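Me: I would like to go through this structure one item at a time. Please keep the answers short.

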Amino acid sequence: MRILYCASEANPFCGSGGLADVAGSLPHTLNRKGQDCRIVVPLYGSMPYDLRCQLQYITNFWVPVGWRSQYCGLFWAQWNGCTYYFIDNEYYFNRDNLYGYYDDAERFAFFSRAIMEMLPYIDFHPDIIHCNDWQTALVPVYYYLFYSKNPWYYNIKSVFTIHNIQYQGKYGWEVNTECVGVPPTETKIIEMDGKLNMMKGAIECSTRVTTVSPSYAAEIKDPWFAYGLEASLKRNHWKLCGILNGIDCASYDPATDYQLYANYTKDDMSGKGICKQKLQERLNLEQRWDVPIVSMVTRLVGHKGLDLVRGGIRDLLNTENMQFVILGSGDQEYEDFFNQLAWDYPGRVSFCHGFVPELARKIYSGSDIFLMPSKQEPCGLSQMIALRYGTIPVVREVGGLKDSVFDSADNYGNGFTFKNYDIADMCNAVKRALAGIKDDWGWHQLIWRAMMSDNSWDRSAQDYINVYNDTLNWR
């Protein structure tokens, strides 16, 4: 099966978040499973120099953008057995950052149209074009409007994955005239509430729609989670399914991870104690093996459940024998709160500002309990990484958290969960975990089940292959 995987970022060439991890892992796993999956991304100016030197020029052509045409260069490279294509236009992509510019709508309309225009030049006729989030949402729209009747493009199916429905590519109608270029007779495809909505267009025009977890696929049909797209999703419910993301289990392996203070396995956990001791030393916490470390590695934004943490963490620190570590950055109100908390509880609380990848891994491995009380969480990767490192997650039953963490009250459980977005419910779940850690035998059984959890891309990739095969049979 031939699959073209379209994304606005993909490791190792360009990345700013979870999408880069997915786009840099899933296609490689699909290839290992016998598929021909290739990746296309913009050629950003921020690409590392050593990787840029590996690019090979293919050709250049002109791409329609609204009422005009823009230059497009096309490059390719091989990385880890996978073919990457790069869409080049220095005006659009030779910038310091990937996103956050006034003309993002034009930049990614160009990128989406260039994907369709490049296909005859690469001698690759995909069976499936797999698009991701609003930055590539116009690809299925353009295919439907401009290419589906062209004999060369005939019978290409499309899959569109929603990673976070909150970000939809919403703009005023002038953007359509200036750069999107949907004909006036077809604007209903991308119209919502009097505005242009790129994600709605993808939902209407793609063959299949997936999300990053089964629970999130059910949630986004509810107005609370859908951010206005519930009507479109309900109308196209027959297209929709959820596939849980995975993690790179070779990279996140406590037995071989060189960034840990000590390595360990589920059968020999002695190294985890060293990781905890060294983490306490580095973060100026009291070095006590008998005090559980509760940790978070997160963006400091509201939908990560930080209002619950802010409302309940002092009660936990005042009544429970625990230490608390948080790594992240974001909204000033939360940064100020955690700075003050660390000041108020010296030796028991550490706030590490920013995101330091090697420190994140040390926190995953050196902690006992990992807290994720999210208000919304389409998939979440942190809980999967925590499980991989034998750190027991405490999560709210929402989105991908609900699909990957199961309460230890059940015999197969690998963590602790709570349902309601409520301070008392979160604190109760943390207290249950802190009580559970006192049962040495039971806690080691729980760690063993956590580390046995299968959150690999092998599982997820097979689910995608099943969806692709099913999609090819649709008319």
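Me: Start with the smaller details. Which residue in S10 does Tyr171 stand opposite?
Reply: This is a predicted model, in which local features need pLDDT of at least 70, side-chain atom pairs count only at pLDDT 80 or more, and totals for chains, interfaces and linings use all residues. Residues are numbered from 1 along each chain as its sequence is written, and side-chain values use heavy atoms, with hydrogens and water left out. Strands (E, at least two residues) and helices (H or I, at least four) are DSSP runs numbered from the N terminus. S8 and strand S10 (residues 195-197) run antiparallel and are joined by two bridges, and in S10 the residue opposite Tyr171 is Leu196.

Me: In what order do the three strands of that open sheet come?
Reply: Two strands pair if DSSP finds at least two bridges between them. Strand S8 (170-171) and strand S9 (191-192) each have a single partner strand, so they stand at the edges and one side of each is left without a neighbour in the sheet. The pairing is antiparallel, and the order is S8-S10-S9.

Me: What angle does the direction of helix H8 make with that of S10?
Reply: Helix H8 (residues 198-205) packs on this sheet and touches S8, S9 and S10; contact means heavy atoms within 4.5 Å. Axes are lines fitted to C-alpha atoms, for helices over the stretch in contact, and angles run from 0 to 180 degrees between N-to-C directions. For H8 and S10 the angle is about 55°.

Me: What is the strand order of the open sheet of six strands?
Reply: Strands of a sheet pair through backbone hydrogen bonds, either parallel or antiparallel. In the sheet of six strands the pairing is parallel, and the order is S15-S14-S13-S16-S17-S18. The edge strands, each pairing on one side only, are strand S15 (349-353) and strand S18 (416-418). Neighbouring strands there are turned against each other, direction ignored, by an average of 15°.

Me: Which residue of S16 is the bridge partner of Val294?
Reply: Strand S13 (residues 293-297) pairs in the parallel sense with strand S16 (residues 369-372) over two bridges. On the S17 side, four bridges join S16 to S17, and one residue of S16 stands opposite Ile392 in S17. That residue is also the partner of Val294: Ile369.

Me: Which residues of S16 point the other way from Ile369 and Leu371?
Reply: Ile369 and Leu371 point one way from S16 and are buried, which means under 20% relative accessible area, with exposed over 50% and partly exposed in between (1.4 Å probe, protein chains only). The residues pointing the other way are buried too, and they are Phe370 and Met372.

Me: Is Ser382 buried or exposed?
Reply: Ser382 is placed in helix H16 (residues 382-388). Leaving aside neighbours within four places in sequence, its contacts are Val297, Tyr364, Phe370 and Met372. Its relative accessibility is 15%, so Ser382 counts as buried.

Me: How far apart are the side chains of Ser251 and Arg361 in their polar contact?
Reply: Ser251 lies in the loop between strand S12 (240-242) and helix H12 (270-282) and is partly exposed at 28% relative accessibility. Not counting residues up to four places away in sequence, Ser251 touches Asp257, Arg361 and Tyr389. A polar contact is a pair of N or O atoms within 3.5 Å; within protein, one must be able to donate a hydrogen and the other to accept it, and residues adjacent in sequence count only if both atoms are side-chain atoms. For Ser251 and Arg361 the value is 2.8 Å.

Me: What is the omega of the peptide bond from Asn11 to Pro12?
Reply: Pro12 is found in the loop between strand S1 (2-6) and helix H1 (18-23). The bond from Asn11 to Pro12 is cis, with omega near 5°.

Me: What is the phi of Asp133?
Reply: Asp133 lies in the loop between strand S6 (128-132) and helix H6 (138-147) and counts as buried, at 11% relative accessibility. Its phi is positive, in a residue other than glycine, and is near 60°.
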